[in-house]
Amino acid sequence: MQDEAGHGLYLYSACETLGISRIELYEQLHSGKAKYSSIFNYPTLTWADMGAVGWLVDGAAIINQVPLCNTSFGPYARAMVRVCKEESFHQRQGFEIMLKLCKGSKEQKDMAQDALNRWWWPSLMMLGPTDAESVHTEQSMKWKLKRKSNDDLRQQFIDQTVPQADLLGLTIPDPDLKFNKQTGSYDFGAIDWDEFWQVVKGHGPCNKQRISARVAAWENGAWVRDAAMAHAAKKEALKIKIAI
């Protein structure tokens, strides 16, 4: 939790260098104007989900974010360096959880397979829409904000993750998945992009729940912010009094 909160602070700080306040960014998130990763709108149902999320979601995040360490925007690139180092730990931890489950009882391995079944496709979707449907990819690539296209990142993630699933003894939930000797990569089945766009538009399994939780946390924490500001003002007033 501490790591993830830190990731948010890095990125909010990077945004602030462009002239927008953190309060404005929070308001955009709470109102639904700001978009966030589609993956956060899916429920975690079992302990195995902790492993699947670390292994798959953080694994996909690393694939996406490592190239961003060399983007043209310095504050963003520097934030990504720190984020990627922490995400790599999360990914290894997730894989370790899955490995322990797969080496355990049949019920535990079944739970790991169930988690993989539910998180595989959302993990592919979180790398963004196809290049043909991505609104910002062309411009981001031109400005070198983005170093690889969504489809290239997705293929890299699949090629990296399938052998890991084989090592775990788990089955990727894609009947069309097949290694292509000519390309040296895996061909894979069709992604349900209708589901992806529904989630992006705010109609996913947990969209409303997630935003409601963020808004409630903001409102319930108002007294903490007020107290901190009052304390800071009191200290400043005391400094001025001593100086006089």
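This is a short guided tour of the structure, with selections to make in your viewer at each stop. Keep in mind as you go that the model is predicted.

**Stop 1: helix H7**

Start by selecting residues 150–168, which make up helix H7. How far apart are the end C-alpha atoms of helix H7? They are 27 Å apart, which agrees with the 27 Å that 19 residues should span at 1.5 Å a residue.

Now colour the buried residues of H7: Asn150, Leu153, Arg154, Phe157, Ile158, Thr161, Val162, Gln164, Ala165 and Leu168. To see what covers them, show helix H3 (47–65), helix H4 (74–102), helix H5 (106–125) and helix H6 (137–142), along with strand E2 (185–187) and helix H8 (193–200); the cover includes each of these elements. Before leaving, click on Gly169, just after H7, where phi is positive at about 85°.

**Stop 2: aromatic pairs**

How many aromatic pairs does the structure hold? There are eight. One of them is Trp120 with Phe157, a stacked pair with 5.8 Å centre to centre and 25° between the planes. This pair links distant parts of the chain, since Trp120 belongs to helix H5 and Phe157 to helix H7, 37 residues apart. Both Trp120 and Phe157 are buried.

Next, select Phe179 and Tyr186, an edge-to-face pair with 5.2 Å centre to centre and 70° between the planes. Phe179 counts as partly exposed because its relative accessibility is 41%, whereas Tyr186, at 15%, counts as buried.

**Stop 3: Trp218 and its surroundings**

Select Tyr12, Tyr26 and Trp218 together: these residues form one aromatic cluster. Then add Arg225 and look at its charged end, which sits over the ring of Trp218, 3.5 Å from the ring centre.

Two members of this cluster also take you to a helix packing. Show helix H2 (residues 22–31) and helix H9 (residues 207–220), whose axes are 9 Å apart and meet at an angle of about 140°. How do H2 and H9 lie to each other? At that angle they count as oblique. For the contact itself, select Ile23, Tyr26, Leu29 and His30 on the H2 side, and Ile211, Arg214, Val215 and Trp218 on the H9 side.

**Stop 4: Leu11 in helix H1**

Move to Leu11, which is found in helix H1 (residues 2–16). Is Leu11 buried or partly exposed? With a relative accessible area of 32%, Leu11 is partly exposed. Beyond its neighbours within four places in sequence, Leu11 is in contact with Tyr76, Ala79 and Met80. For a sense of scale, draw a C-alpha to C-alpha distance from Leu11 to Lys106: the two are 95 residues apart in sequence and 42 Å apart in space.

**Stop 5: Gly94 in helix H4**

Go on to Gly94, a residue of helix H4. Its relative accessibility is 1%, so Gly94 counts as buried. Which residues does Gly94 touch, not counting those up to four places away in sequence? Select Met50, Gly51, Gly54 and Trp55 to see them. You can also draw the distance between the C-alpha atoms of Gly94 and Asp58, which is 8.4 Å for a separation of 36 residues along the chain.

**Stop 6: Ser140 in helix H6**

Finish at Ser140, which lies in helix H6. Ser140 is buried, with a relative accessible area of 17%; the cut-off for buried is under 20%. Leaving out residues up to four places away in sequence, Ser140 touches Leu145 and Lys146.

Definitions and conventions
Residues numbered from 1 in each chain as written. Predicted model: local features only at pLDDT ≥ 70, side-chain atom pairs only at ≥ 80, totals over all residues. Heavy atoms only, no water. Helix = DSSP H or I, 4+ residues; strand = E, 2+ residues; numbered from the N terminus. Expected span 1.5 Å × (residues − 1). Buried < 20%, exposed > 50% of the residue type's maximum accessible area, 1.4 Å probe, protein only. Contact = heavy atoms within 4.5 Å. Phe/Tyr/Trp six-rings, centres within 6.5 Å; stacked < 30°, edge-to-face > 60°. Lys NZ or Arg CZ within 6 Å of the ring centre and 35° of its normal. Axes fitted to C-alpha atoms, helices over the stretch in contact; angles between N-to-C directions. Parallel < 35°, antiparallel > 145°, perpendicular 65-115°, else oblique.
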